[in-house]
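Visitor: Please pick one part of this model and take me through it closely. I'd like to hear what packs against what, and what sits beside it.

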Amino acid sequence: MGGSEETSGWARSSSASRAGGGGAFSGSIGFFRAATGCISGWDQEEEEEEKEEFVREEKEKLRRLLSSSGGGSGDGGGDVSLREWLDRPGRPVDILECLHVFRQVVEAVGAAQEQGIVIGNVRPSCFVISPSNRVSFIESTSCSASSYSSSEGEGTEAQLEGPSSTTQRRDADGGSGENNTFPMKRILLMESTWYTSPEEVDGAPGTFASDVFRLGVLLFELVCAFNSQEEKLTIMADLRHRVLPPQLLLNWPKEASFCLWLLHPQPDTRPKMSEVLHSEFLNQQINFLDESESVAKLSEEIEDQELLREFLLHLQYRKLEVAHRLHDTVTCISADIQEIQEQRSVLKQSSCQKLDKDGHSSSFPKFDQSAQYAVVKMDSSCLGARKRLRPDYKKVSGNELTNLGSEDPGSVTELQIDQQNLASKSSRLMQNFKKLEAAYFSARCRQSKSTGRPPNKFLPATSNGTGSAVWTERSSVDDTVLKEGHGGGRKSEWISSFLEDLSKYLSFSKLKVRADLKQGDLLNTMNLVCSIGFDRDKEFFATAGVNKKIKVFECDMILNKDRDIHYPVVEMANKSKLSCICWNSYIKSQIASSDFEGVVQVWDVTRSQSLVEMKEHERRVWSVDFSLADPTKLASGSDDGTVKLWSINKAGSIGTIRTKANVCSVQFHPDSAYSLAVGSADHQVYCYDLRNLRMPSCMLPGHMKTVSYVRYLDASNLVSASTDNSLKLWSLPTCTTRAADNVLQTFSGHTNNKNFVGLSVYDGYIATGSETNEVFIYHKAFPMPVLSYKFSNADPISGQETDDASQFVSCVCWRGQSSTLLAANSSGNIKFLEMV
């Protein structure tokens, strides 16, 4: 560095002129005396200023030298004095860590000696160590030459002002200085003595060999642990005589031998700094440190590899689970395909045998062959991509039609129709493929439950047709089911059940208008039809609504297209708006009604008059229903939160069910006069045993808004409608089932947020209205609509159709066990619709 010769000269001048020892501060005192000799001719004040400036410059040069060679300045933050680091209570001796620290100090001292500088302050209080074990030289009060006089006592006194700001603050604040195992002040007082070389004790100036001696003391402190202050003071005093503790000789023989070499009492016998730096001991340890670092890095890499391996194993496990699940699912589907193929073969053989007996085999085999080929193509395309279905199918159908047309033109026409129907059904299948898939697996799992077999854990299952729920029970594919015969075993029943549902889903392609009835009064704007119902023999139907009238029409007259104007055969006026009507299933002429004033009445249609008037409800009555099992019983539900039970043979009610919310719908069980379903505004469906009116026999929670209608699909299943845009199919619970397990299907597609839009059921088909002025038909096995029909609004003057967003379908009703449906909307328009 710059000025190195000048610095070296001052050091040599110090050595030649020094007569007394400055202890551990020989280098600094030498600088001071040399400066004093050079400026003896100046006056006293200038001399002091020049002296201080010179010392500051030399100290700064030394600090820069040591910092550059010792690894730079401390990292800051968590840096502590090396003295504190050595004397911390319970310090474990990590030989690699200690040698790493020692190596940095040796390199710093070696760099200074290369510049001809005797440091003199090679002791722990003049170094700091960072949390990352980086050692740096510092300038402290104890290292300042200006703090010393020529006497050793004064120099020792100056050390009390502290080598480390951390130590100073701890002792000044009354910290743990007295209770600490190694009180810092006392240790610092002794440090000067420990790090003074024998020649300096004899009065000789400090030399390069003195710094080597101090390195030996530092190495000893690094590798030797002390349990108490007294033990340390004793051992460090013995070190002056080169007496090492037995545990050091036993545990670290190489380190002990190297210490004795550095601590030799004769300066000439001690190793030179270059010998220390290139010694086998130090370099072997450095190599070992490098190897340790390499091993540590390898260990980290191994750990990272292990983590990656663990992740990949977990990923592999999860993907294998998916693969097993998919494999088992495909196995189940393959078994079902095989079952269908075998059933088809049996059916075709039976058909051919029957045709042969009747003598009609000329055209049918050709049609059967074509149909068979088309179905096979459809089956194979279902396993492939959707886009491959129709092009291949059309191409094959065209070729088949060409070949058949040359022989029998009449059969080609029939075949074209059949092929078009098949293509239409195939298209509907593909449009709703995902939902049909969910319904398929849901039905399969229900079949597993019904047969008592544990469902396959890999078989996708759903409780509402959306594919959201999955079975998690651990079981393999049911080999027993797969190996059963195909001539009527359980698996055939499962296939037959799903095939029947699918056939019903695909049986009809649209809703056709059979008749259109305009029964609203032209001068009356309140034409909303609230309820429609058929009589016992399905010969008449009645309508009721906000026009306060019950109108009875004859079905055949309405369906006769020769008549353009239709009149009711009976019309009965009520005092209030009507909300619901219900025919008696036994007495043909009786019909019950409920109105907005809370009145329930029984009417005689043949006489056009009211027979019984019941006024116990306090608010509007929404629903009324006759029992099928006991036609004398009647139930009504009201906004007053009660359900009233009536008998047509008694004047007053025969029972009352009190609920917490408005009652919107009631219906008797089809086979029992003691079971009643109730739809409530508290979003729940309740089932009551009328022999215990205090509490419901079961509750069916699941809707998010008001339950507007309840209808029994059959003896064990119930359908509910809600203003949450959904219908739900429930399995009536047993004593052990949970309510959540009772939802068999959730139907969505229509719009119903605020109005009552009607609900009716027949043979697995469910009809409901929509606030989009449409009628929707669902089948119990599938969550999506089967058919829909939109009411058109015609302008009475221009005759053009318009779209009125305020119109909605308000009620629907099946005509018994037939595919004919009666629907009405909020404008009073009534239509006979038929599924075709």
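Guide: Let's start with the largest nonpolar core, which holds 50 residues; Phe102, Leu219, Phe220 and Leu222 have the most contacts inside it. A nonpolar core here is a set of buried Ala, Val, Leu, Ile, Met, Phe, Trp, Tyr and Cys residues joined through side-chain atoms within 4.5 Å. Buried means under 20% relative accessible area, exposed means over 50%, and partly exposed is in between, using a 1.4 Å probe and protein chains only. Bear in mind that this is a predicted model, where local features need pLDDT of at least 70 and side-chain atom pairs count only at pLDDT 80 or more, while totals for chains, interfaces and linings use all residues. Residues are numbered from 1 along each chain as its sequence is written, and side-chain values use heavy atoms, with hydrogens and water left out.

Take leucine 222: leaving aside neighbours within four places in sequence, leucine 222 is in contact (heavy atoms within 4.5 Å) with Trp85, Leu86, Arg91, Val93, Cys98, Val101 and Phe102. There is also a second, separate core of 32 residues, which includes Ala443, Leu511, Tyr765 and Trp814.

Now for a helix pair. Helices (H or I, at least four residues) and strands (E, at least two) are DSSP runs, numbered from the N terminus. The axes of helix α8 (residues 184-194) and helix α11 (residues 229-239) come within 11 Å and cross at roughly 10°. The two helices are therefore roughly parallel; angles under 35 degrees count as roughly parallel, over 145 as roughly antiparallel, 65 to 115 as roughly perpendicular and the rest as oblique. For the record, axes are lines fitted to C-alpha atoms, for helices over the stretch in contact, and angles run from 0 to 180 degrees between N-to-C directions. On the α8 side, Arg186, Ile187, Met190 and Trp194 meet Gln229, Lys232, Leu233 and Met236 of α11. Those four α11 residues are buried, as are Ile235 and Leu239. The cover over the buried residues of α11 includes α4 (82-86), α8 and α10 (208-223). At the N-terminal end of α11, serine 228 acts as a cap, with a side-chain oxygen 3.3 Å from the backbone nitrogen of glutamate 231.

Back to the second core: Tyr765, one of its residues, belongs to β26. Strand β26 (residues 765-769) is mostly covered, with five of its five residues buried. Tyr765, Ala767 and Gly769 lie on one side, Ile766 and Thr768 on the other, and both faces are covered. Two strands pair if DSSP finds at least two bridges between them. Four bridges join β26 to strand β25 (residues 759-762), antiparallel, and valine 761 has isoleucine 766 as its bridge partner. Two residues separate β25 and β26 in their hairpin, where aspartate 763 has a positive phi of about 50°. Toward strand β27 (residues 774-779), β26 makes five bridges, again running antiparallel; here alanine 767 stands opposite isoleucine 777. That hairpin has four residues between its strands, and asparagine 773 takes a positive phi near 65°.

Leu511 and Trp814 are in the second core too, and their strands appear in an open sheet of four strands, ordered β4-β33-β32-β31 with antiparallel pairing. At the edges stand β4 (511-518) and β31 (809-814), each with a single partner strand, so one side of each has no neighbour in the sheet. The twist averages 20° from one strand to the next. Five bridges link strand β32 (residues 820-825) with strand β33 (residues 829-835), and leucine 822 stands opposite phenylalanine 832.

One long-range approach is worth a look as well: the C-alpha atoms of valine 529 and glycine 828 are separated by 5.6 Å, though they are 299 residues apart along the chain. Valine 529 is found in strand β5 (residues 529-534) and is buried, with a relative accessible area of 1%.

To finish, a loop: histidine 669 lies between β17 and β18 and counts as buried at 11% relative accessibility. A polar atom of its side chain lies 3.0 Å from the backbone nitrogen of aspartate 671. That fits the cut-off for a polar contact: a pair of N or O atoms within 3.5 Å, where within protein one must be able to donate a hydrogen and the other to accept it, and residues adjacent in sequence count only if both atoms are side-chain atoms. Beyond four places in sequence, histidine 669 is in contact with Ser675, Tyr712, Ala715 and Leu732.
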